[in-house]
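Me: I am new to this structure and should like to understand how its descriptions are reached. Please explain the reasoning behind each term.

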Amino acid sequence: MEDNKIIELLKIGRQDKAFLNLYKNYPQVEKLILSKGGSKEDAKDVFQEALIIFYEKVRNTDFKLTAAIGTYLYSVSRFLWKDEFIKRKGQQTVDLSFEFTSEEEIELQKAIEREAKFKQIESVLTQLGDKCLRLLKLFYYEGLSMKIIASKVGLKSEKIAKNQKYKCLERAKLKVSEL
Amino acid sequence: MRNELEHIEIIEKYLRNELSSEERKVFEEKLKTDVKLQKEVATQRDIITGIERLGIKQTIQVAHKKYKLGKAGFNLGLGAIVLVAITSVFLWYNANNSTSTISDESILPELNELGEKQWADADKLIPSQQFTINTAIDTVIETQGGIVMYIPKGSFLDDNGNTITGNVDFEVKEALNTAQIVMGGLSSMSGDKLLESGGMFYINARQDGKTVKINPEHGIYTEVPTDEVNPNMQLFEGKRMDNGSIDWINPTPLEKFLTPVDINSLNFYPLKYEPKLAELGLDVTNKKYKDSLYYSFAWEDKQKECFKVEDYEDDLTEGARKGFLGKNTNIESHVSQISCDEFEISFIIGMRTTQYFSQSRVEPFDIDINDNSGKIGKSDITLIGNFVVSNAVSSKIRNEHAEFFASEYKNVKLITQKIKVKSSGVCGLKLPVYPEGYEVVEAIDLAVWFEKEQLNSNDDATIYEVDTTSVSDLASEASAKAVVEAESVQGINPAKIKTIWSKEFNNTLIATREFEERLKTIFGTCNDKVLDLYINNLNLDLYVIDSMAANMSSGNSRNEFLKFAERKDGKVQIDERRMKKLQKHYAEKQKIIAAAIAKTKAKFDKENKQLDEKAGKERIKHTQDEVKRKVDNHTEEFNLNLTEAYRQLGKPKPDRLDAKAIYKLRLKTGGWKNVDAYVMESLDNRETLDYTDPQTGKKAVIKYEPISITIKDETKFDRLLVYILPDKLNSFMRVEKSNLSYTEKLNELMNHNLVCLGYIGEQAYFYSKDNVTPKEYKNVELLPLSQQELKQNLNRYDNMQRKSLLKDFDYQLFEIKEQKRQDKLIARQHLREEIMPVIFPCENIMTIVEDSVNADSAW
């Protein structure tokens with residue numbers, strides 16, 4: 001699939017299709033991580049993170065493709081793994097050269113910090129309970145209307161669902177603000 | 001919708017760009033200066049992003065799985081079977097904690113580890129890593145390639161099998177990846193079969209140039225790094241061939257050691273326990289809270305143990321040490337332990353009385369004491385009991401009987417006893433065996449520990465927190481339920497989990513991720529015995545215990561255990577002595593914990609029972625006070641009215657002692673005492689008296705006119721009381737609510753002060769107005785006051801009235817607190833009912849039916 005089409009898919013909310021396509025780049029990344037002292041599990045995590053960074057870049061900024069997506073994901077994965085590796089071993093023993101400009105590097109570094117921050121938030125959110133989480137996901141991630149959501153989660157009316165959504169948000173806020 | 005929710009809604013609309021341009025302007029203006037709002041907006045934004053990211057991650061996971069599935073399909077197409085093996089080792093030897101050196105070009109000694117002159121290409125091509133091992137200490141080494149070896153002290157033997165002392169040179173050569181294997185001139189051929197290598201390495205230890213042996217009893221515990229663990233890996237030995245290659249022979253399966261982790265990093269809760277707490281909106285991050293709630297479900301095990309007749313026919317003073325009805329065992333626990341088939345227990349109890357009874361029958365679920373009491377002389381040992389327990393299929397004697405018994409003979413200590421078994425093939429129930437001198441202290445400590453678990457953070461948490469120590473038994477019904485809950489549950493006793501989830505079990509197979517996984521299945525069996533199996537076989541390979549567990553279970557659990565067994569998970573090394581010690585610890589500690597928890601529960605129940613009794617007394621007292629107040633008011637007002645009526649009529653008021661006497665007279669007679677009757681009627685109905693004396697034509701008029709009071713924000717109060725203080729009465733009048741307002745009729749003969757008292761929680765709100773007149777007082781606003789201020793505010797009233805008001809205020813506050821306590825008890829019981837099914841999945845416990853009308857309540 002063409003890169004432009006993948007970006008289009010991401011922009012219209014068809015992440016499922018887009019990600020499946022992007023996984024064709026995974027073997028490369030896996031090979032890289034394995035050769036640089038990581039495990040398959042590491043490779044999986046790194047690639048997932050790279051996908052998220054890519055996704056957020058496409059969604060939140062006026063993203064212009066300057067290289068092939070595959071190349072981009074590979075480079076980002078490499079950067080992420082270097083960072084992770086240094087964190088684990090406390091030293092830089094893996095040679096991972098980069099083709100990032102310093103600006104891009106700063107951006108990636110920020111993305112890593114962002115990831116750390118949201119890992120906390122996400123773990124708190126997963127404690128909200130399945131029902132709340134499902135409702136919030138349906139609304140914010142899947143972008144469904146409250147009416148449809150109400151029927152999906154078995155609430156009597158749109159109004160009750162809406163009210164419940166705010167209650168869930170309130171609970172989430174309480175938990176997140178305690179972080 | 002509540003205020004907070006509306007607040008969230010506005011922020012949400014702002015974030016989603018759904019505000020009108022005007023609303024937006026206002027909001028942004030506020031946002032500029034309001035730091036709190038800024039923070040809230042940021043948090044809410046983060047939550048939305050977090051939710052999106054969770055969604056994304058889920059989608060990615062799905063994509064990953066699909067991707068892998070696709071790949072697997074492709075692989076199957078190859079159809080090849082790969083023979084798997086790990087390459088080998090020449091000798092398994094040691095190295096040390098000091099520095100290692102790598103010689104670029106191996107200078108080989110004359111003789112190899114077998115004392116032969118033969119060397120393979122690999123010996124020459126692969127650089128050697130040298131370690132010096134001090135044989136007097138345990139040593140861990142890590143090679144360049146990441147192989148970790150643990151070399152216990154005294155691991156090396158000389159030719160005669162004696163332990164070598166001093167330093168040993170330990171050499172390692174390794175080829176862990178394909179490149180190194182090829183470079184090292186190694187192949188992965190075993191005969192004519194191709195092996196998949198998990199890495200090849202060579203070790204050898206020498207002292208003074210001479211090869212020494214590894215003590216086969218110790219071995220060197222070795223970890224070879226790998227990306228993926230292949231369960232079929234085997235260890236091959238290398239044999240140097242004449243052509244310089246190495247052939248791999250004598251495959252042996254690898255021992256699979258488990259890696260113990262810090263036991264506190266593991267999760268031993270039942271599978272659905274934490275999700276359930278989360279679902280109920282409880283704090284799942286607080287381990288203390290989760291623990292205390294979970295462990296509060298523990299119960300004391302009544303151990304059923306069969307023993308032979310002859311074992312127990314003699315005097316059992318010795319039994320104290322054996323744990324049977326011990327020296328300091330009091331009657332209460334003794335009695336509640338008896339059960340099972342028929343047997344007879346005689347015992348002598350030390351007490352300074354001269355009672356005697358025997359041949360008391362103990363039926364299942366009942367104690368029926370035929371008291372043939374008689375004296376057997378004055379001595380310290382004077383009470384002899386003789387029970388026959390017959391046909392006790394079930395193992396319970398109801399607590400109330402035990403209590404009855406114990407209350408009859410309080411402080412009775414059992415000194416010695418005989419147990420005589422009447423029929424053969426008999427079982428008895430053993431008392432929990434506590435190590436001597438140990439149980440009481442330990443139990444009390446734990447009880448304290450329990451109480452310390454109190455959370456102070458917020459009110460809700462506290463409600464549930466106290467729960468840790470409670471089984472509510474307010475009503476007798478609840479009590480019965482509590483007993484059932486505590487006694488007849490089928491499942492894993494939380495006391496056992498508490499026993500093992502503790503640092504004592506660090507460095508055993510209990511403290512492994514592998515056991516953590518098993519535990520989830522063990523919970524599913526609801527069979528304590530399966531858990532015991534693992535704890536009592538700490539020295540076995542996990543897969544062996546898995547098979548045993550499979551044999552003990554059926555259905556799903558059985559399949560799961562069989563699957564675990566297939567993994568061939570190994571063991572964690574443990575020495576015999578420690579294992580024995582842990583088994584003993586396990587057996588004893590769980591009882592101590594259970595006893596402590598039971599004790600704490602009992603204490604809590606007792607406290608609540610006392611509070612219930614106290615509340616009951618208070619209420620009776622209050623009712624009596626109310627009656628007295630009304631009667632007194634009535635008397636006083638009647639006298640007042642009557643005096644006035646006679647004054648208006650110009651007649652002397654008959655001299656009477658009190659209103660009650662008048663009332664009697666009125667009933668019996670009539671006639672000229674009609675005035676009294678009219679006055680009484682007017683007072684009773686609180687209607688204006690308008691009486692004309694038929695003889696003189698004079699009139700007596702006493703007006704009653706209505707006052708009504710409405711309270712501002714009335715609904716926000718949990719409790720609202722309106723009092724009228726008539727200046728000529730000693731007490732107050734309570735104003736009742738009718739329809740929308742509080743109404744009363746005021747007697748024109750008196751001046752009236754108004755007092756309103758409201759409560760939200762325990763916060764008092766107060767309003768007072770002096771000299772109110774018959775009219776409507778609308779939207780009276782109550783203001784918050786401390787209890788201190790409240791009392792000060794009453795100072796200006798007449799002493800008697802002040803006292804009666806104070807008394808009523810105190811009572812109202814007491815009621816509020818009492819209500820709160822009751823609510824908590826109910827909430828606690830509900831919580832327990834909710835949690836029960838996830839802790840004991842095999843029990844069919846009725847859960848509270850959720851209010852289906854209110855969809856919200858399901859959340």
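**Reasoning from values to terms**

Reply: This is a predicted model. In it, Ile510(B) touches Ile263(B), Ile500(B), Phe505(B), Phe515(B) and Ile535(B), leaving aside residues up to four places away in sequence.

Me: What makes Ile510(B) part of a nonpolar core?

Reply: A nonpolar core joins buried residues of certain kinds, Ile among them, through C-beta atoms within 7 Å. Ile510(B) belongs to the largest such core, which has 45 residues, and is one of those with the most contacts inside it, together with Ala298(B), Ile500(B), Ile535(B), Ile593(B) and Ile597(B).

Me: Which helix supplies the largest share of this core?

Reply: That helix is H19(B), with eight residues. Among the others that each supply at least two are helix H14 (494–500) and helix H16 (528–535) of chain B. Apart from this core lies another, of 29 residues, including Leu10(A) and Phe79(A).

Me: Why is H2(B) said to lie largely in the open?

Reply: A residue counts as buried if 20 or more other C-beta atoms lie within 10 Å of its own. Of the 13 residues of H2(B), zero are buried, so the helix lies largely in the open. Helix H2 (residues 21–33) of chain B reaches 19 Å from its first C-alpha to its last, close to the 18 Å expected.

Me: How many residues of chain A are in contact with chain B?

Reply: Contact requires C-beta atoms within 7 Å; 40 residues of chain A are in contact with 35 residues of chain B. H9(A) gives the most to that side of chain A, with twelve residues. By class, the side has 20 nonpolar, eight polar and twelve charged residues.

Key
Residues are numbered from 1 along each chain as its sequence is written. Chains are lettered from A and ligands numbered from 1 in the order in which they are written. This is a predicted model: local features need pLDDT of at least 70, side-chain atom pairs count only at pLDDT 80 or more; totals for chains, interfaces and linings use all residues. Two residues are in contact if their C-beta atoms, placed from the backbone, lie within 7 Å. Helices (H or I, at least four residues) and strands (E, at least two) are DSSP runs, numbered from the N terminus. Ala, Val, Leu, Ile, Met, Phe, Trp, Tyr, Cys and Pro count as nonpolar, Asp, Glu, Lys and Arg as charged, and the others, Gly among them, as polar. The expected span of a helix is 1.5 Å times one less than its number of residues. A residue is buried if 20 or more other C-beta atoms lie within 10 Å of its own, exposed if 12 or fewer, and partly exposed in between; C-beta atoms are placed from the backbone.
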